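Here are some short exercises to work through with the model open beside you. Try each task before reading its solution.

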Amino acid sequence: MQSPHPTTEELSALLDGELPAAEADAIRRHLDTCAACRADLEALRGTIAMLRVLPAAAPPRSFRVFDAPKPGGLLAFPLARLASPVALRALAGVAAALMVVLFVADAARIDAPRADTGAADLRAPPGSPAAGEARPDQATRQAPPALAPQRAPSSAGGPAAGASSAADSVQALPSPEGATEAPQPPPGFAAPAETAGDRAVVVTAQARQIETRESTPAAPSGLPPARIAALALALLAVSALVVSFVARRPT
Amino acid sequence: MTDDARWIEAAQAGDADAFNVLVERHQLVAYNLAYRTLRNREDAADATQEAFLSAYRAVRSFHGTSFRAWLLRIVLNACYDARRRSGRRPTSSMDALAEEVGELPWADERSPEPEAAALSRETRTIIERALGALPEDQRLVIVLVDLQGLAYEEAAEALGCPIGTVRSRLARGRAQVRDDLLASGNLSPS
């Protein structure tokens, strides 16, 4: 009794030893008596043999992992999370928020008149969402800005003066009267792109105000801890953002 | 790959050097899967590196039997991610691919078939063209099982599909390559 011709799938599985014993035996019995199926089987066997010796591509380099964060015990999961671009941008956002809080806390100790002068200097680039919303009404109310257009930032004394004036301006945004209430963190805080925009705005504003600040009495001599912390957070936020974007690019 | 176990244990305990031993044991297979999937050397290298980094970060979550299958699943995902990021790029022609592929032989546990004399350039070109013309799901199964020596179970794990699917795709892909070889006169049924 001739069993039906095996399918290609059965022949293929037979060659791999992946057929149950009973089926394999039945097919072998058929092959004993069917030349056509034997030919199919041999052609398949020859094809597989050639596929197996197809040359491999040589890797261009070793893919050893260097300086990767170790998969340590309790920290493995959070470390893996920290390396992701989204987490880094969230970290940048948190750092920027803390920086704003510190600015405000610091600015609350500065006299009110300084706040009014500071607000006029702060001109946001058109693209910034937070600055654009709050400031147009401020600009019309205040005196024309005293800043010189696009001056390069000075190095040493710049950040300190810039920090105080930025704090003044931030304080003045929602309160034209220069009250000491804390402003909201810039809107769109959770969005990484907007956070980057806000950060760029603040840094740019700091640079512009440096020259105009020279004539007015500067902040107390030496850097208060709040400003040091704020600057550190600013650097952290910027670094985290940069790393998050750089890390996305293929090596 | 049963002696992966000691390296896996050490890597899971935090030993990066142990993980790098695993890298060196599996990078040929990993890179070639990426190369066969993305068909571009640079993209394949990038995807392979990303895959090893992902695997390193996630090594503590490996608890299967085949590290290779687990790793190759990560490689495939890295390839799909690369495709999504860059869009489909123009790939090498099949002739160029046949020429680019190096002469490095496969490290294969199985004993070589008697027919395994070096393939002629023409035969290699026919096979590469045939592979390139296959639907991707069939091509990947052939790459894993026939080119890289994975068992059906390993291939199923790497691809995330049932073993029956591996079996049927493998058969169809092999049959197509066989037919192309027969048609070109590079395979004579004995």
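**Exercises on surface and salt bridges**

Chain A exposes about 13000 Å², and carbon and sulfur atoms supply 65% of it (Shrake-Rupley method, 1.4 Å probe). This is a predicted model, in which local features need pLDDT of at least 70, side-chain atom pairs count only at pLDDT 80 or more, and totals for chains, interfaces and linings use all residues. Residues are numbered from 1 along each chain as its sequence is written, chains are lettered from A and ligands numbered from 1 in the order in which they are written, and side-chain values use heavy atoms, leaving out hydrogens and water.

**Exercise 1.** Find the salt bridge partner of R174(B) and say where both residues lie.

*Solution.* Start with the pair: R174(B) bridges to D16(A), with the closest N and O atoms 2.9 Å apart (a salt bridge needs a side-chain nitrogen of Lys or Arg within 4 Å of a carboxyl oxygen of Asp or Glu). Next, place them: R174(B) is in helix α9 (residues 163-184) of chain B and D16(A) in the loop between α1 (8-15) and α2 (21-33) of chain A, so the pair joins two chains. Then check accessibility: R174(B) is buried at 0% (buried is under 20% relative accessible area, exposed over 50%, partly exposed in between; 1.4 Å probe, protein chains only). Finally, widen the view: D146(B) joins D16(A) and R174(B) in a network of salt bridges.

**Exercise 2.** Decide whether R84(B) is buried or exposed, and describe its bridge to D81(B).

*Solution.* First, the N to O distance between D81(B) and R84(B) is 2.3 Å. Second, these residues sit three apart in helix α4 (residues 67-86) of chain B, so about one helical turn separates them (helices are DSSP runs of H or I, at least four residues; strands are E, at least two; numbered from the N terminus). Last, R84(B) is exposed at 63%, whereas D81(B) is partly exposed at 28%.
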